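Welcome! Here are some short exercises with worked solutions. Have a look at the model first, then try each task before reading on.

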Amino acid sequence: MTATALIVVAAGSGTRLGRGVPKAFATVAGAPVLEHALRGLAGVDARIVVVAPAGGEAEARAIAARAGVEADVVAGGATRADSVAAGLEAAEGAEHVLVHDAARALAPRALVERVLAALRAGAGAVVPVLPVVDTIRAAEGEALGAIVDRAALRAMQTPQGFEAALLRRAYAAAGEGRAASTDDAQLVQALGEPVVAVPGDELAFKITTPADADRAAMLLGPATRVGIGVDVHAFGGDGPLRVAGLEWEGQGLAGHSDGDVVCHAIVDALLGAAGLGDIGGLVGVDDPQHAGARGETFVRLAVERLAEHGWRPQSVSVQVLGVRPRIGARRDEAQAVLAAMVGAPVSVSGTTTDGLGALGRGEGLQAIATALVARA
Ligand code: CTP
Ligand code: MG
């Protein structure tokens with residue numbers, strides 16, 4: 001087996017995506033574009049070199065670790081070609097090199113293997129291509145010119161594969177002229193060397209515009225999820241009665257924190273919806289630091305945890321079961337306070353249990369919440 005390096009160029013600024021962060025670090029379907037790209041490459045028989053935005057090396061390393069991929073990380077340059085050149089330097093010693101755009105984050109393993117197979121069968125340069133499906137015309141400004149026969153056209157994708165020595169020679173020959181190149185095979189072709197085409201894959205589309213990011217998110221999984229959370233506390237605390245983020249008349253609820261069953265149920269519903277466990281994993285419920293802590297503190301922590309994982313609350317509904325307090329009397333106030341914590345509409349309702357059980361006897365209070373969350 002020959003040594004292969006897989007250079008993942010991820011140093012672009014993502015101007016057309018317009019997120020205000022480098023495209024590789026932009027969140028799509030709950031994870032950075034680079035993370036999706038690296039997950040798709042896990043298991044490829046190659047040493048991975050990630051070319052990160054200068055200053056973003058540590059972030060790229062953390063993303064690679066999350067993706068479960070061992071990668072060398074180097075800083076990229078001002079143009080894509082500069083970034084590939086930086087990757088090539090780091091890929092010293094490799095016999096074959098694959099160059100892949102991190103922005104083609106959904107490229108399937110089978111495509112990578114197809115390129116590798118052609119390379120190992122003896123090709124010096126391999127590029128995955130797709131036919132062009134739209135009608136294509138030449139244009140000068142707004143004016144449309146001649147139809148270009150699309151049957152004679154192919155769209156270039158990545159990963160592109162090369163004998164390392166050939167690609168190095170192509171880069172050396174191109175000199176400063178490399179800045180204008182948008183892929184690597186064209187520099188090899190400029191040497192007069194043959195480039196072999198293999199079938200590309202629709203999934204290897206380049207995330208370039210916001211619409212591309214939406215398409216990627218749709219392909220990567222559901223855009224919304226629901227969760228449920230339940231909490232119960234007995235009356236008997238020393239403190240005031242705190243329910244739904246409000247203070248009420250009467251004896252408080254027992255508990256290590258303020259016992260606000262509504263907030264606690266909301267926390268579990270939010271975390272559950274995002275697949276992030278429950279309130280115990282969020283704060284360590286017996287942590288002395290949280291003795292008497294307000295329910296609000298936990299809700300805000302949960303919302304932050306969701307954001308870290310690319311989720312945001314869409315709506316929450318919560319029902320309180322018990323004989324007191326009378327939720328209906330302060331429903332609007334409770335809903336406003338909770339909505340401010342969650343950052344989305346919260347509806348609150350109350351019901352009794354018709355005198356049945358501990359709740360019916362007024363020994364405690366239960367809350368049941370559901371949450372809808374969406375990918376950020
Ligand atoms: N790239 C790079 N270094 C650059 C420019 C681009 O490593 N100086 C990488 C990008 O990170 C991307 C791939 O080359 O994975 C294809 O580039 P493109 O889609 O143009 O990405 P950006 O340059 O980030 O986007 P834009 O052109 O919209 O700013
Ligand atoms: Mg670009």
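**Exercise 1.** Which of the 18 residues around ligand 1 come nearest?

*Solution.* Start with the ground rules: this is a predicted model, where local features need pLDDT of at least 70, side-chain atom pairs count only at pLDDT 80 or more, and totals for chains, interfaces and linings use all residues. Residues are numbered from 1 along each chain as its sequence is written, chains are lettered from A and ligands numbered from 1 in the order in which they are written, and side-chain values use heavy atoms, with hydrogens and water left out. Next, take the residues near the ligand (a heavy atom within 4 Å of it). Val9, Thr15, Lys23, Ser83 and Lys206 come nearest. Finally, sort the shell: six residues are nonpolar, seven polar and five charged. In this sorting, Asp, Glu, Lys and Arg count as charged, Ala, Val, Leu, Ile, Met, Phe, Trp, Tyr, Cys and Pro as nonpolar, and the others, Gly among them, as polar.

**Exercise 2.** Find backbone polar contacts (pairs of N or O atoms within 3.5 Å) to ligand 1.

*Solution.* Begin with Thr15, where a backbone N or O atom lies 2.7 Å from an oxygen atom of ligand 1. Then go to Gly77, with a backbone N or O atom 2.9 Å from a nitrogen atom of the ligand. Ala103 places a backbone N or O atom 3.2 Å from a ligand oxygen atom. As a last step, consider cover: of the 570 Å² of accessible area (Shrake-Rupley method, 1.4 Å probe) that ligand 1 has on its own, the protein covers 88%.

Notes:
A polar contact is a pair of N or O atoms within 3.5 Å; within protein, one must be able to donate a hydrogen and the other to accept it, and residues adjacent in sequence count only if both atoms are side-chain atoms.
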